[in-house]
Amino acid sequence: MPLISKKQKTRVGLDVGSYAVKVVEMKDTPTGSEIVKVGLKKLLPGAIVDGEPMDRDAVISAIKEIYEEYDIVNKETSSAICGRSVIIKKIKMEEMDDETAREVMTLEAEQYVPFEKEELSVDFEILRRGMAGNTMEVLLVAAKKDKVLSHIALIKDAGLVPSAIDVDTFAVQNAFELNYEYEEGRVYALIDIGLSATNIGIVRDGIPLFNRDVPVGGETFVEGMQRKLGITSEEARAALEGVPGAKAEGVLGAIESVGEDLSIAIERSFSYLRSSGEAEMVDKIYLSGGGARITGLKAFLAEKLSIAVDMSNPLRNIQFDEEILGADPLTVAPSLMVAIGLASRQGS
Ligand SMILES: Nc1ncnc2c1ncn2[C@@H]1O[C@H](COP(=O)(O)OP(=O)(O)OP(=O)(O)O)[C@@H](O)[C@H]1O
Ligand SMILES: [Mg+2]
């Protein structure tokens, strides 16, 4: 028994979503990962619009309140900027070591994205080495520097220490990998449906093949239902979330008509995948995000796209105390995908 035992370090993921801010604190155990704390706070509509904080003070207060209320003491956090402020491109380049690749990428990023290099924050990951013609495949991730800086400022103003800034679509992939095994050669679409956007990430054997954010989310469903059913946004939201006593009549029809837009956007991503020669087809869709819980949506997408659709369960491989997640952990689980992915990131 050591006299002084260093308290085991936890990792914290903070997902600043436009519907709700979520925080997950995790630690490693001898048998895997364990969730220590989970905190969630809804924001008022309009606090974040298109991924941009409009009411910065409200967002900061929500973050602070979560840390206080749930007594999260580790202030080092991994968080993410949303895919809409990021350009993700796969490029082929001459084989070189990591250090040289970093220099080349930083210098040449502007050739791949429509911004000046002075305005960019660049990161990359080498996906495959030793390809034909002495080339390698690299995933370039470029964000507008001002977006990254303003995100960092927000985190700091909430009293936190930003230890890593990721992109939400990669966080979804991280959370998936923590809980599921890739079956070799199979192509998975990881689709996270939020309030204002859906992000589509297609992966095979751990390698991202395609990423896209489409501007369809829970909010689009609320607007569609208001139009179709002539109800208020509160009524539409309640119906969408299956709140007891909420309007039920005509709801499935309304969901299907907006779901159509979503399935078209997903189908477009799949055709892009085919035409770019990356993959012939997607074998399975995993849904996450609060929007994945919209009544009937999973079955609707499975039928429209003729692909197996399942809910991602980011708690599948993770230990947690029942108390932390409430009576029915699986109902909140899909919304925690990004936060869990961020908290699972090594080295943060
Ligand atoms: N039980 C539920 N049933 C149906 N829909 C739900 C349920 N709970 C939440 N939602 C919907 O999920 C959406 C929010 O999902 P989520 O928390 O993943 O969004 P977010 O990450 O905050 O938003 P974004 O990623 O777009 O910034 C909202 O549109 C909400 O109405
Ligand atoms: Mg989200």
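Start by selecting asparagine 199 and aspartate 213: the latter, in E13, is the bridge partner of asparagine 199. Helices (H or I, at least four residues) and strands (E, at least two) are DSSP runs, numbered from the N terminus. Two strands pair if DSSP finds at least two bridges between them.

You are looking at a predicted model, where local features need pLDDT of at least 70 and side-chain atom pairs count only at pLDDT 80 or more, while totals for chains, interfaces and linings use all residues. Residues are numbered from 1 along each chain as its sequence is written, and chains are lettered from A and ligands numbered from 1 in the order in which they are written.

**The five-stranded sheet**

Now show residues 198-204 and 207-214. These are E12 and E13, which pair in the antiparallel sense over seven bridges. Two residues lie between the strands in this hairpin, and aspartate 205 there takes a positive phi near 50°. Is E12 covered or open? Mostly covered: six of its seven residues are buried (20 or more other C-beta atoms within 10 Å of a residue's own; 12 or fewer would be exposed, and in between partly exposed, with C-beta atoms placed from the backbone).

Add residues 187-193, strand E11, which pairs with E12 in the antiparallel sense over seven bridges. A hairpin through four residues joins E11 to E12. Click on alanine 189 and you will find isoleucine 202 of E12 opposite.

Widen the selection to the whole open sheet, whose five strands run in the order E13-E12-E11-E14-E15 with mixed pairing. E13 and E15 (308-311) are the edges, each with a single partner strand, so one side of each has no neighbour in the sheet. From one strand to the next the twist averages 20°. E14 (284-288) pairs with E15 in the parallel sense over four bridges; to see one pair, pick tyrosine 286 and its bridge partner in E15, aspartate 310.

Next, bring in helix H4, residues 168-179. H4 packs on this sheet and touches E11, E12, E13 and E14, where contact means C-beta atoms, placed from the backbone, within 7 Å. The direction of H4 makes about 50° with that of E12 (axes are lines fitted to C-alpha atoms, for helices over the stretch in contact, and angles run from 0 to 180 degrees between N-to-C directions).

**Helix H5 and the ligand**

Select residues 218-229, helix H5. Its buried residues include Phe221, Val222 and Met225, and the buried residues of H5 pack against E11, H6 and helix H7 (251-275). Just after H5 comes glycine 230, with a positive phi near 60°.

Then turn on ligand 1. Which residues come nearest? Of the 21 around ligand 1, they are Gly17, Tyr19, Gly194, Gly218 and Gly290 (a residue is near if its C-beta atom, placed from the backbone, lies within 6 Å). H5 and helix H6 (233-240) are the elements that give two or more residues to this shell.

**The three-stranded sheet**

For the last stop, show residues 86-94, 120-131 and 135-144. They form an open antiparallel sheet in the order E7-E9-E8. The edges are E7 and E8, each pairing on one side only. Nine bridges join E8 to E9, and serine 121 has alanine 143 in E9 as its bridge partner. Helix H2 (98-112) packs on this sheet, touching E7, E8 and E9, with its direction at about 120° to that of E8. Helix H3 (145-157) also packs there, touching E8 and E9, and its direction makes about 60° with that of E9.

Technical notes: Contact = placed C-beta atoms within 7 Å.
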